[in-house]
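This report looks at the fold, the charged contacts and the backbone of one protein. Please keep the sequence and the structure in view while reading.

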Amino acid sequence: MCGIFAYTGKQQALPILLDGLTCLEYRGYDSAGIYIPESGVVKSVGAVDNLKKKIVLPMPGNSGIAHLRWATHGEPTEENAHPHSDSSETIWIVHNGIIENYKELKEMLLTKGCTFYSSTDTEVLAKLIGYYMEEKKDFEKSVLAALNDTKGTYGMVASYKNEPNKIIAARQGAPVVIGLGNGENFVASDVSPILRHTKDVIYLLDGDVAVLTPNNHTIYNLQNISIDRKTEIIEWDIEEAKKGEYAHFMLKEIMEGAEVVENTIRGRLIVDEGIAKLGGLDAVAEQIRTKKRIIIVGCGTAYYAGLVAEYMIEEFVGMPVEVEVGSEFRYRKPIIDQDTIVLAVTQSGETADTLEAIREGKRKGALTLGIVNTVGSTISRETDAGIYNHAGPEIGVASTKAFISQLTALALLTLFLGRQRGMSSSTGKMIAEEIKKLPQKIKEILDKKEEIQKIAKKYANSRDFLFMGRKYNYAIAFEGALKLKECSYIHAEGYGAGEMKHGPLAMIDENFPTFAIVPNDSVYEKNISNIQEIRARKGKVIVLTNEDNEEIRDMSDDIFIVPKTVEMLSPILNIIPLQLFAYYFAIERGLNVDRPRNLAKSVTVE
Ligand code: F6R
């Protein structure tokens, strides 16, 4: 959600800034802009390609700041594009977040004679820094003073024409990573644009202000007291953040499914003993043993992973589980006590609502855990303990491989908790063996991707779609619908198959197809009846199953068969054809699946 990037060093800044923005494009593409002190500012509506077209070369300079916007305050126009400046147009800033008290600050600045050219909260912060500059005549002190007046969230970088090699970055509630190079330093919203330059990074914490020059970095808090922050080394490979042979990140990331499961389970599964060894939980293992219930919190796709886990944990661990979207959890009065575990599921580790839910859990004395993909992210740091996904960077805005990894990690957690609480070793072994077989089964599905492509082509003109599943695949119906909605912008609904008769069946006719997720499991017969009910209303049915028999072939207009696995793991296999379906469906309609309109990866505002 908005990408910020900055550079100071010996090289020409322009290509580095543009390359950084290209890497961050998944965070926002409403507008783009750069500022290089020696050359000035360029902004454009739309993504980086539009910006490139507007740049008139040469644009010399060895430092600069850059931004991709996902609009919050003000429409996606050029006026509202970042960077924004102070009144003297010598100080420019880029910002991700929301300045909550921008109205009162703006009123104050208007009385001091400031003129505003945009409707953004960011311009208010820029003008405020300029206001302090008149009094303090010191760039660092002015930034600090302005930030101390500011309420809300920011990941921001400021640049000053008269000190071109210095950039100041600050963080409050929105991620900021500093990259430490050799004679050059970087700032970004996440590590992906930094990786190609250096693997040494510092994650700023809330309240941190970093002053960077090519050869130096110093970090202060808002009281101007110098602080030490640890340098971490990023393990991700730069190749992982590139598209490689694939046309889109989304397809690349779906095709990584088998490898992702292997990476999530590597070193964590002891099949012979039927146990999961989760190093990240070691320190709190004894505390976990005493807890009585789990609340899983996530947003969007991560929330659906939580819904699947509810079935896994209640069936195999016998612990009560509640699952809630972060944006609801934090605004009601959830009952949390010291017997509760609050578990966040999140790819980015930065989702504002999930983060606040964790903080609320902590305040009330719960043990907080995270299943997080992004190493070093805020949620990974603020939870008491957790499991990293090791899925590698997910760039496609629609989450695919992270979901597969989340389900796998939650299956490992189920095994871990179950074996703490009386799950027999034979059940443990059975689950562990089945988890181990998943990568091969995922490969088998991916090898048949053309079958899904054909089905997607056939239905690509549909305006509505229903996804229907039960029990373990109840949440997979929601996730399948979500993928189609966000990639194709069509109306897609996920429903529990048992709910069809309670309303949704009324929508069904020959133009309203259904994707029915029907593995041969404990609810197979019930699902078959639901398919019949749809067919009786002339609804077309695509069946997704692991059962190949005449009965099911007869009742399907189209069918896709996945390998068999145990019921609790079937969502991990079933979601893959649905992800591929959403991908090919959107491609058929000529849409850019990596950049769904109105969306951005990593929702760092509420
Ligand atoms: C959908 C999608 C979103 C995210 C949600 C949570 O494809 O990507 O629904 O799952 O915004 O994000 P994280 O997992 O980063 O907390």
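What percentage of the 606 residues of the protein count as buried? The share that counts as buried is 63%, a value that, like every other one in this report, is computed from a predicted model.

## Overall fold

The protein is built with 19 helices and 27 strands, and its C-alpha trace spans about 80 × 55 × 45 Å along the principal axes. For a chain of 606 residues, a compact globule would be expected to have a radius of gyration near 25 Å, and the 25 Å found for the protein agrees with that expectation.

## Salt bridges

A search of the whole structure gives 34 salt bridges, and among them is the pair formed by the side chains of E322 and R293, with a distance of 2.8 Å from N to O. Because E322 belongs to strand β19 (residues 321-325) and R293 to strand β18 (residues 293-298), this pair ties together parts that are 29 residues apart in sequence. The two partners are covered to unlike degrees: E322 is partly exposed, at a relative accessible area of 34%, whereas R293 counts as buried, at 17% relative accessibility.

K437 and E434 also form a salt bridge, in which the closest N and O atoms are 3.4 Å apart. Both residues lie in helix α14 (residues 425-447), where a spacing of three residues separates them by about one helical turn. Here K437 is partly exposed, with 40% relative accessibility, while E434 is buried, with a relative accessible area of 14%. A further salt bridge joins the side chains of E450 and K449, again described by an N to O distance, of 3.4 Å; in this pair E450 counts as partly exposed at 44% relative accessibility, and K449 is buried at 18%.

Beyond these pairs, salt bridges link R171, D206, E356, R359, E360, R363, K364 and E382 in a network.

## A negative surface patch

E525, E550, E551 and D554 form a negative patch on the surface. Helix α18 (residues 550-554) supplies three residues, the largest share of this patch. One of the patch residues in that helix is E550, which is exposed, with a relative accessible area of 65%.

## Backbone features

Most peptide bonds are trans, and most residues other than glycine have a negative phi. Against that background, the bond from L57 to P58 is cis, with omega near 0°, and P58 is placed in the loop between α2 (48-54) and β4 (63-69). A cis peptide bond also joins H82 and P83, where omega is about 0°; P83 sits in the loop between β4 and β5 (84-85).

Which sign does phi take in E89, although this residue is not a glycine? Phi of E89 is positive, at about 55°, and the residue lies in the loop between β5 and β6 (91-96), where E89 counts as partly exposed at 47% relative accessibility. N598, likewise a residue other than glycine, has a positive phi near 65°. N598 is located in the segment after α19 (570-588) and is exposed, with a relative accessible area of 58%.

How values were computed: Residues are numbered from 1 along each chain as its sequence is written. This is a predicted model: local features need pLDDT of at least 70, side-chain atom pairs count only at pLDDT 80 or more; totals for chains, interfaces and linings use all residues. Side-chain values use heavy atoms; hydrogens and water are left out. Patches are made of residues with over 30% relative accessible area and no salt bridge: like charges are joined within 9 Å, nonpolar side chains (Val, Leu, Ile, Met, Phe, Trp, Tyr) within 5 Å. Accessible areas come from the Shrake-Rupley method with a 1.4 Å probe; for residues, only the protein chains shown count as cover. A salt bridge is a side-chain nitrogen of Lys or Arg within 4 Å of a carboxyl oxygen of Asp or Glu. Lys and Arg count as positive and Asp and Glu as negative; His and the chain ends are not counted. The place of a charge is taken as NZ of Lys, CZ of Arg, CG of Asp or CD of Glu. Helices (H or I, at least four residues) and strands (E, at least two) are DSSP runs, numbered from the N terminus. Buried means under 20% relative accessible area, exposed over 50%, partly exposed in between (1.4 Å probe, protein chains only). The radius of gyration is taken over C-alpha atoms; the globule rule is 2.2 Å times the number of residues to the power 0.38.
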